[in-house]
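Welcome, and thanks for taking a look at this one with us. Here is a short briefing to read alongside the sequence and the fold.

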Amino acid sequence: MDRFQALQVFVTVAETGGFAVAGRTLTMSPPSVTRIISALEDHLGTALFVRTTRSVGLTEAGERFLEDSRRVL
C-alpha cells in the first residue's frame, strides 16, 4: 500500500463525503477507493468511517486521523 496515496484518498473521501465522489475527484474507480480505505483501516486496526446506504461519516478515530493526515499532506 502506498501510504501517501492512502492519505490522499482518505482525506478526499472525508472532505467529499462519499467514495464515488472521491473516486471521480481523484480519477479512480469507486471500488479502488474502497479497497484503499479498507487496507488503510486494516493497517491502522480501526474503522475510520461509518458507512450507511445513504452517507459516509467519520468515526471519532477518523476525525483525529483526518487532522493528522492534513498536517502530513
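**How the helices pack**

The buried residues of α4 are covered by elements that include α1 (3-16), α3 (30-44) and β2 (56-58). Please keep in mind that this is a predicted model. The points below go through α4, then α2, then the nonpolar core, and end with F4.

**Helix α4**

- Helix α4 runs over residues 60-72, and its 13 residues should span 18 Å at 1.5 Å a residue; the end C-alpha atoms lie 19 Å apart, which agrees.
- Buried in α4 are A61, G62, F65, L66 and S69.
- These buried residues sit on the same side of α4, because they cover an arc of only 135° around the axis.
- E60 and R71 are exposed on the other side of α4.

**Helix α2**

- The buried residues in α2 are F19, A22 and G23.
- Looking down the axis of α2, you will find them within an arc of 105°, so they line one face of the helix.
- R24 and T25 are exposed, and they are carried on the face of α2 turned away from its buried side.
- The partners that the buried residues of α2 pack against are α1, α3, β1 (49-51) and β2.
- T27, just after α2, has a positive phi of about 50°.

**The largest nonpolar core**

- The largest nonpolar core has 16 residues, and F10, V13, I37 and F49 are those that touch the most other members.
- Two or more residues of this core come from each of α1, α2 (19-26), α3 and α4.
- Helix α1 gives the largest share of the core, with 6 residues.
- Which residues is F10 in contact with, leaving aside its neighbours within four places in sequence? They are I37, L40, L48, F49, L58, G62, F65, L66 and S69.
- Two threads meet here: among the contacts of F10 are G62, F65, L66 and S69, which are also listed as buried in α4.
- I37 and F49 likewise appear among the contacts of F10, and both touch the most other members of the core along with F10 and V13.

**F4, in helix α1**

- F4 has its place in helix α1.
- Is F4 buried, partly exposed or exposed? Its relative accessibility is 45%, so F4 counts as partly exposed.
- F4 and L73 are 69 residues apart in sequence, with their C-alpha atoms 8.0 Å apart in space.

Note on methods. Residues numbered from 1 in each chain as written. Predicted model: local features only at pLDDT ≥ 70, side-chain atom pairs only at ≥ 80, totals over all residues. Heavy atoms only, no water. Helix = DSSP H or I, 4+ residues; strand = E, 2+ residues; numbered from the N terminus. Expected span 1.5 Å × (residues − 1). Buried < 20%, exposed > 50% of the residue type's maximum accessible area, 1.4 Å probe, protein only. Arc of directions from axis to C-beta. Contact = heavy atoms within 4.5 Å. Core = buried A, V, L, I, M, F, W, Y, C linked by side-chain atoms within 4.5 Å.
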